[in-house]
Amino acid sequence: MVSGKRRDTILLAARAGRYREYAPPPALRRHFSRLWSHALHDGPPAMVAIVPDGYCDLLWIDGRLVVAGPDRTAAFPVIQPGTTVIGARFAPGAAARWLRTPLSALVGCSVRLGDIGWKDTAGFEAQLEDCPTPSNALALFARLLGEAAHDDEEPAPDAAVIFAAADGDRPASCLPGRLGISERQLRRRCHHHFGYGVKTLERIRRFQRFLNLCCRSHRMALAHLALEAGFADQAHMTREVGELSSLTPAAILDQLGTRKAPD
């Protein structure tokens, strides 16, 4: 947990530069939910919080292909000002099969793609390194991933059902019956495809609903935000948001809801 004195200096990643998302091309849509780029501002380094979202990403950063595993709480990576990061966010159920690695082994970790034995990593990195601009790198990144995913296994369909349940209003207790599996099998599949159990995934997705509400709200009361996001009450929201992000709900609302994110 970040100390109280340092919380005032934490900046959510969405506020630390220009973040953009793109729909993946057809060849990637089975395996990736979106492509994205994040250009950090020049200037003094800030303490940037990467908050959990229930996903696993493949990144191109500082000349390396890196797997960013799922997080349970906020991560505070050291990223140089002016850096542009390019990423591909795995679709639910795709990462463990594509990487040949259970996501429980990658929780809270950033690992070079080559270190988990993925083929052709050096060739990918060499081609991306030659790109003159980030936009060129993003286009090549998508093409290379499309070629790599052409003959890969389909994402696990039950993982998409689990993710959708955690992301919505239906309780996780309904999942074993819907999927025709036991609670133990559900726990095992969640750890394999998401890195942790369904209860943790539900907490993280509820937190993401809160963030989305903050982005759309300018003056909504915190108590109203808590209920809209699915928390029991404002105290519950304050506790959960603090544990997952090291920030207060008011600080997050101030960053996301009352000012337009800078270009």
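User: I'm new to this one, so let's start with arginine 100: does it count as buried or exposed, and why?

Analyst: The general idea is a cut-off: a residue with over 50% relative accessible area is called exposed. Arginine 100 has 56% relative accessibility, so it counts as exposed. Keep in mind that this is a predicted model.

User: Where does arginine 100 lie?

Analyst: Look in the loop between α2 (95-99) and β8 (110-112). There's something else to read there, its backbone angle. As a rule, most residues other than glycine have a negative phi. Arginine 100 has a positive phi, near 55°.

User: And what is phi near in aspartate 62?

Analyst: Again 55°, a positive value in a residue that isn't glycine. Aspartate 62 sits in the loop that runs between β5 and β6. Its relative accessibility is 59%, so aspartate 62 is classed as exposed.

User: Let's try the opposite end of the scale. Why does glutamine 255 count as buried?

Analyst: Buried means under 20%. Glutamine 255 comes in at 7% relative accessibility, so it is put in that class. You'll find glutamine 255 in helix α11.

User: Which residues does glutamine 255 touch?

Analyst: Leaving out residues up to four places away in sequence, the contacts of glutamine 255 are Ile10, Leu11, Leu12, Arg15 and Leu247. Arginine 15 is a nice one to follow on screen: 240 residues separate it from glutamine 255 in sequence, yet their C-alpha atoms are 7.0 Å apart in space.

User: What should I look for in the largest nonpolar core?

Analyst: Read a core by asking who belongs and who touches whom. This one has 39 residues, and Ile162, Phe207, Phe210 and Ile252 touch the most other members. Elements giving two or more residues to this core include β1 (10-12), α5 (157-166), α7 (183-194) and α11 (249-257). The largest share, 8 residues, comes from α8.

User: What does phenylalanine 207 touch?

Analyst: Not counting residues up to four places away in sequence, phenylalanine 207 is in contact with Val51, Pro52, Phe231, Val241, Leu244, Ser245 and Ile252. Apart from this core there is another, with 31 residues, among them Leu58, Ala94, Leu106 and Phe124.

User: Which residues of α10 are buried?

Analyst: They are His236, Met237, Glu240, Val241, Gly242, Leu244 and Ser245. The cover over these residues includes α8, α9 and α11. For the helix itself, compare length with expectation: α10 has 12 residues and reaches 16 Å from first C-alpha to last, close to the 16 Å expected.

User: Now for empty space. How much of it lies in the largest pocket?

Analyst: Rolling a probe the size of a water molecule over the atoms shows where space is left empty. Here the largest pocket holds about 1,300 Å³. Its lining has 49 residues, and Ala13, Tyr19, Ile50, Val51 and Arg89 lie nearest the centre. By class, the lining of that pocket splits into 29 nonpolar, 7 polar and 13 charged residues. Elements supplying at least two lining residues include β2 (17-22), β3 (32-40) and α8 (198-216).

User: How many cavities of 30 Å³ or more are there?

Analyst: The count is 1. About 60 Å³ of space lies in the largest cavity. Residues lining it include Tyr55, Phe90, Leu103, Phe163 and His193. That lining is made up of 9 nonpolar and 3 polar residues, with no charged ones.

Note on methods. Residues are numbered from 1 along each chain as its sequence is written. This is a predicted model: local features need pLDDT of at least 70, side-chain atom pairs count only at pLDDT 80 or more; totals for chains, interfaces and linings use all residues. Side-chain values use heavy atoms; hydrogens and water are left out. On a 1 Å grid over the protein atoms alone, a cavity is a set of points where a 1.4 Å probe fits but cannot get out, and a pocket is an open set with protein on both sides within 12 Å along at least five of seven lines; lining residues have an atom within 4 Å of a point. Grid points are joined across faces, edges and corners, and a volume is the space filled by probe spheres set on the points. Helices (H or I, at least four residues) and strands (E, at least two) are DSSP runs, numbered from the N terminus. Ala, Val, Leu, Ile, Met, Phe, Trp, Tyr, Cys and Pro count as nonpolar, Asp, Glu, Lys and Arg as charged, and the others, Gly among them, as polar. A nonpolar core is a set of buried Ala, Val, Leu, Ile, Met, Phe, Trp, Tyr and Cys residues joined through side-chain atoms within 4.5 Å. Buried means under 20% relative accessible area, exposed over 50%, partly exposed in between (1.4 Å probe, protein chains only). Contact means heavy atoms within 4.5 Å. The expected span of a helix is 1.5 Å times one less than its number of residues.
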